[in-house]
Structures are given as structure tokens and as C-alpha cells.
Amino acid sequence: MEKNSLFILLLILTICMGACSSEVKPSGEASTAASGAAETPTVSNAPAENGTNALTATKEPIAEPTAAPMLDTAVLGKGAFGFADEAGKQLLVSPAEGGGEQGASFNLAVGHNGQLLKIKYKNEQTATEADNGRQTAQNFANQQGQLFEVVEGKAEPNETYFLTDDQSLKPEMLLSIADKRSVQAADDVKSAIAKSKNRSVEKLWPLEEIGTAGNTLYLVQFERQGKNMLASLALQTSDGFIFQDYPAEFDESSTWRVDDGGEVMPEMFSFLFAAKTAEGIVLGVKWMGAEGEDVSFLSEQDGKLSELDISYGRYMSPV
């Protein structure tokens with residue numbers, strides 16, 4: 001009986017010791033836990049106070065790139081043209097421009113290679129007996145029209161400006177216009193233009209660099225073919241040349257403009273502004289002649305230049 005009791009007691013002790021040893025971690029595991037080297041961090045998916053889980057709350061939102069705004073050429077038909085006085089402080093829009101009630105909402109003028117002016121409608125100016133009919137700074141105070149005050153900036157005296165509003169035309173839409181007239185046109189450019197038009201080039205002048213992509217605008221006069229004359233504005237792009245052609249019949253005194261002597265010259269051309277459009281660019285062109293200035297817009301469409309149905313003329317013949 002005593003032997004059996006002893007045997008049972010030893011058996012119970014053995015079972016208890018085995019149970020205790022199973023709860024003790026090996027020394028290697030304990031040291032690893034203590035150092036934290038093998039611990040794997042956990043991310044809670046429990047909702048945070050603002051309704052997002054912890055993982056989502058730590059992510060920074062990725063900003064989408066903002067596309068540069070582009071000019072809608074339709075707004076050009078809603079603006080008006082005017083010219084500056086001798087002090088560069090006022091602009092006058094003639095009644096023929098039809099600014100009307102809409103003109104009072106114009107608060108922006110652009111011209112002279114993209115110069116931006118903030119403007120404010122002032123009043124309707126009536127003509128005086130001294131009006132000589134010339135749309136010039138010298139006759140500014142005598143002509144009828146809508147008068148605008150330049151409230152920020154200074155206009156170039158006697159220059160033409162396009163009037164609109166600051167929601168239709170924004171500074172980011174404009175392209176730089178840099179003078180290239182002192183640069184000699186390269187022979188390979190002359191050859192490429194002649195090949196593009198299948199006509200020999202008589203004279204070629206670089207005018208301006210449009211934007212920062214190296215697009216250069218040239219004035220070209222092609223060789224005369226009988227009475228057939230051709231001058232062009234040629235814009236060099238990464239894809240080649242695109243043209244605005246000005247065909248004419250030869251007249252030894254007045255071919256393209258009155259008293260031009262059958263020639264075009266770079267001094268005849270200046271520019272209001274250049275702007276980005278969904279199709280490419282739009283360019284405001286001023287062509288001066290002996291009796292005044294003609295203004296038009298060229299728009300890049302389907303890989304070529306086209307003249308928009310928007311124009312303006314200033315009669316400026318000397319008195």
C-alpha cells in the first residue's frame with residue numbers, strides 16, 4: 001500500500017513539472033523579443049474617429065497635374081479692337097467695332113507682343129469738329145468711341161490693342177514673342193521653304209520666335225511668276241513649316257498694300273500676341289501700309305495656318 005502511494009505521488013509531480021516547463025520560452029526567443037528585432041509591426045484596420053482606418057489615414061493624397069489653360073478662339077469674336085493715346089493711359093474703341101453694352105465689361109487689353117493691361121470702362125466719347133477721321137493718337141481726343149482708362153500698366157502710344165475680359169484670356173495662355181530680325185536666315189531654311197511651296201524664294205526674313213520650343217516665324221517673298229505674286233508668313237515647327245499665304249497680282253506701285261512698290265518688308269509686320277489653343281497657336285498679326293494698319297488673327301488648324309473671320313482696320317493716312 002505504501003509503495004502504491006509513493007508511485008502515485010511521483011506520477012503527479014512529473015505531470016506538474018512538465019506543465020510548468022511548457023510555459024517557459026526558450027532563452028533565444030526571449031532575447032529576440034526583448035531586442036524587438038524580429039517583431040513585425042501591425043496596422044490596425046479599426047475605424048478611426050473620422051471614419052477611416054489607420055492605414056488610410058496615413059496616406060497623402062496625390063495631386064493631379066493641372067493642364068495649362070488654352071485660349072478658345074471663339075472668345076476673339078466677342079472682343080474689340082482699340083488704340084492708345086499719346087500718353088498710353090487711355091484706349092479708344094470706335095463705334096464700328098460694336099463694343100456696345102458688352103464693351104463696358106472689358107477689363108483687360110492685350111497687344112504689343114502680348115503686353116497685358118488692366119483697363120476700366122470710362123465713358124462714351126463724342127466726336128469734335130476737329131476730328132480728321134484718322135484713328136491715331138494725335139486725333140484720339142477728337143474721335144467718337146468707347147473710352148477706357150488704363151488702370152494698371154502703360155500702353156504703347158498709338159498702338160493697337162485687343163480688348164476682352166480676364167476670364168476669357170489669362171496670362172498662362174500667352175506665348176512669348178522674341179525678336180529675331182537681326183538674325184540671318186540659314187540657307188537650309190530657305191531651301192526647305194522653297195521645297196515646301198515648290199517655288200523659288202526671292203527674299204526671306206526671320207521675324208519672331210514664338211514660344212520656347214524654337215518655333216520661328218519668317219516673312220517670305222517668293223519669285224514672281226508673270227503677274228503672279230506670292231508672299232507668306234511661314235512658321236517653322238518641329239513637324240516642318242506651316243504657311244499663311246498672301247497671293248496677289250503684280251502692280252509696280254501697289255501689289256499687296258497701297259504704295260508698297262510690289263514688295264513686302266519686315267517693317268510692315270508686328271504682332272498683338274500669340275496664344276496656345278487646342279489646335280496649336282493663334283497669332284494676332286498687324287500689317288502696316290502707307291494708309292493704315294490691317295489686323296487679323298491666324299489660327300493653327302489641321303497642320304496649317306488659317307485666317308479667322310475677325311479683322312480690324314485703322315485709317316492712319318498722313319494729313
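**Figure 1. Ser-94, tucked into a loop of the predicted model.** We start at Ser-94, which counts as buried because its relative accessibility is 12%, below the 20% cut-off. This serine sits in the loop that runs between strand S2 (90-93) and helix H4 (100-103). Leave out residues up to four places away in sequence, and Ser-94 touches Phe-81, Gln-135, Gln-144 and Gly-145.

**Figure 2. The largest nonpolar core.** This view takes in a core of 25 residues. The members that touch the most other members are Ile-210, Leu-217, Leu-233, Trp-256, Phe-269 and Phe-271. Strands do much of the supplying here: S9 (201-210), S10 (215-222), S11 (228-237), S12 (240-249), S13 (269-276) and S14 (281-288) are the elements that each give two or more residues to this core. Apart from it lies another core, this one of 23 residues, including Leu-147, Met-173, Leu-272 and Phe-273. As background, nonpolar side chains tend to be buried together in soluble globular proteins.

**Figure 3. Ile-210 and the residues it touches.** Zooming in on one of the core residues from the previous view, what does Ile-210 touch, not counting residues up to four places away in sequence? The list runs through Leu-175, Ser-176 and Ile-177, then Asn-215 and Leu-217, on to Leu-235 and Ala-274, and ends with Ile-281 and Leu-283.

**Figure 4. The largest pocket.** The space in this pocket comes to about 170 Å³. Its lining is made of 13 residues, and those nearest the centre are Leu-175, Asn-215, Lys-276, Gly-280 and Ile-281. Sorted by class, the lining holds 6 nonpolar, 4 polar and 3 charged residues. Leu-175, Asn-215 and Ile-281 may ring a bell, as Ile-210 touches each of them.

**Figure 5. Thr-73 and its partners from elsewhere in the sequence.** Thr-73 belongs to the loop between helix H3 (54-57) and strand S1 (80-84). With a relative accessible area of 23%, this threonine is partly exposed. Set aside its neighbours within four places in sequence, and Thr-73 is in contact with Thr-277, Val-282, Ser-299 and Leu-308. Ile-281, one of the residues nearest the centre of the largest pocket, is 208 residues away from Thr-73 in sequence, yet their C-alpha atoms are 9.7 Å apart.

**Figure 6. Ala-192 on helix H5.** Ala-192 is found in helix H5, which covers residues 187-197. Its relative accessible area is 29%, so Ala-192 is partly exposed. Along the chain, 49 residues separate Ala-192 from Phe-241, and the C-alpha atoms of the pair are 8.3 Å apart.

**Figure 7. Two loop residues with positive phi, His-112 and Asp-302.** Phi of His-112 is near 55°, a positive value in a residue other than glycine. His-112 lies in the loop between strand S3 (108-111) and strand S4 (115-125), and at 32% relative accessibility it counts as partly exposed. Asp-302 also has a phi near 55°, again positive and again not in a glycine. The loop holding Asp-302 lies between strand S15 (292-301) and strand S16 (304-315). Is Asp-302 buried or exposed? Asp-302 counts as exposed, because its relative accessibility is 71%.

**Figure 8. Stepping back to the whole chain.** The protein chain has 5 helices and 16 strands. Of its 319 residues, 38% count as buried. Among contacts with a separation of 6 or more, 57% are between residues 24 or more positions apart. The chain exposes about 18500 Å², with carbon and sulfur atoms supplying 51% of it.

Conventions:
Residues numbered from 1 in each chain as written. Predicted model: local features only at pLDDT ≥ 70, side-chain atom pairs only at ≥ 80, totals over all residues. Heavy atoms only, no water. 1 Å grid on protein atoms, 1.4 Å probe; cavity = no way out; pocket = protein on both sides within 12 Å on 5 of 7 lines; lining within 4 Å. Points joined across faces, edges and corners; volume = space filled by probe spheres on them. Nonpolar A, V, L, I, M, F, W, Y, C, P; charged D, E, K, R; others polar. Core = buried A, V, L, I, M, F, W, Y, C linked by side-chain atoms within 4.5 Å. Buried < 20%, exposed > 50% of the residue type's maximum accessible area, 1.4 Å probe, protein only. Helix = DSSP H or I, 4+ residues; strand = E, 2+ residues; numbered from the N terminus. Contact = heavy atoms within 4.5 Å. Areas by Shrake-Rupley, 256 points an atom, 1.4 Å probe, with all protein chains shown as cover.
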